[in-house]
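Subject: The structure I promised you

Hi,

Here is the protein we talked about, so open it up and keep it on screen while you read. My notes follow below.

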Amino acid sequence: MTESNAAWWWERQGEAVRVVTPTDTLSVTDALPPTGLIYAARLQGEEMPDSDGVFTQFHEALRLPTYFGWNWNALRDCLTDLHWINATHVLITIDDTDAVLSESTEEREFLFRALNDAVKFWSRKPELPGQEKNTFQVVLL
């Protein structure tokens, strides 16, 4: 795959959470942006059976600030801020997504909506002159 193809995939998938089923494959070239600093966080779905597990995984993987409020609104706010991460690209991968909040469909919807809103927020944020555009990607495995 050429770098231009990798760049095309990254930009094309910019406004959607990417879902990868067990029979699919996603190469590193496809998952990573073509250039720039990247912060990659890999979360374990099996460690997220309830909201406390979700918040703990995000807190540890993204090194959320001390003022993080341990609730859905606080998570949404942090996902659309990320000023403490010194990278232009953020990639979040969640393994075993079927296990995430599997007993609470309402909270599961809150999480997936927050992730989707964050992806859309970052894809619509304008590029500032002289700076590389920040991107935010989510891959659910």
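Let's start with one side chain: R113 has a relative accessibility of 38%, so it counts as partly exposed. Before going on, please keep in mind that this is a predicted model.

What does R113 form a salt bridge with? Its partner is E109, and the closest N and O atoms of the two are 2.4 Å apart. Both residues sit in helix α5, 4 residues apart, which is about one turn of the helix. E109 has a relative accessible area of 44%, so this partner is partly exposed too. As a bit of background, side chains of opposite charge can pair when their charged atoms come close.

The other salt bridges

How many salt bridges are there? The count comes to 3. Another one joins D117 and R76, with 2.3 Å from N to O. This pair links distant parts of the chain, since D117 belongs to helix α5 and R76 to helix α4 (residues 72–79), 41 residues apart. Are these two buried, exposed or partly exposed? D117 has a relative accessible area of 32%, so it is partly exposed. R76 comes out at 26%, so it is partly exposed as well.

Then there is R42, which pairs with D95; here the closest N and O atoms are 2.7 Å apart. R42 is in strand β2 and D95 in strand β3, so the bridge ties together parts that are 53 residues apart in sequence. Have a look at how the surroundings of the two partners compare. R42 is exposed, because its relative accessible area is 55%. D95, on the other hand, is buried, because its relative accessible area is just 11%.

While you have R42 on screen, find L91 as well. L91 is in strand β3, and its C-alpha is 8.4 Å from that of R42, although the two are 49 residues apart in sequence. With a relative accessible area of 7%, L91 is buried.

The whole protein

Now zoom out. The protein has 5 helices and 4 strands. Walk along the sequence and you'll meet them in the order α-β-α-β-α-α-β-α-β. There are 141 residues, and 40% of them count as buried. The exposed area is about 8200 Å², with carbon and sulfur atoms supplying 49% of it.

How much of the contact network joins residues that are far along the chain from each other? Take the contacts between residues at least 6 apart in sequence: 63% of those join residues at least 24 apart.

Some loops to look at

Which residues form the negative surface patch? They are E46, E47, E60, D96 and D98. One of them, E47, is in the loop between β2 (38–44) and α3 (51–62).

T97 is in the loop between β3 (89–95) and α5 (105–124). Is T97 buried or exposed? Buried is under 20%, and T97 has a relative accessibility of 9%, so it counts as buried. Leaving out residues up to four places away in sequence, T97 touches R108, F112, L140 and L141.

Next, go to K133, in the loop between α5 and β4 (135–140). K133 counts as partly exposed, because its relative accessibility is 23%. Its contacts, aside from neighbours within four places in sequence, are T88, H89, W122, S123, R124, K125 and E127. From W122 in that list, K133 is 11 residues away in sequence and 8.9 Å away in space, C-alpha to C-alpha.

Finally, two residues whose backbone angles caught my eye. R63 is in the loop between α3 and α4, and W70 is found in the loop between α3 and α4 too. What is phi for each? For R63 phi is near 50°, a positive value in a residue other than glycine. For W70 phi is near 55°, again a positive value in a residue other than glycine. R63 counts as exposed, because its relative accessibility is 61%. W70 is partly exposed, because its relative accessible area is 40%.

Click through these at your own pace, and write back with anything that puzzles you.

Cheers

How values were computed: Residues numbered from 1 in each chain as written. Predicted model: local features only at pLDDT ≥ 70, side-chain atom pairs only at ≥ 80, totals over all residues. Heavy atoms only, no water. Buried < 20%, exposed > 50% of the residue type's maximum accessible area, 1.4 Å probe, protein only. Contact = heavy atoms within 4.5 Å. Areas by Shrake-Rupley, 256 points an atom, 1.4 Å probe, with all protein chains shown as cover. Patch = residues over 30% accessible without salt bridge, like charges linked within 9 Å, V, L, I, M, F, W, Y side chains within 5 Å. Salt bridge = Lys/Arg side-chain N within 4 Å of Asp/Glu carboxyl O. Lys, Arg positive; Asp, Glu negative; His and termini not counted. Charge placed at Lys NZ, Arg CZ, Asp CG, Glu CD.
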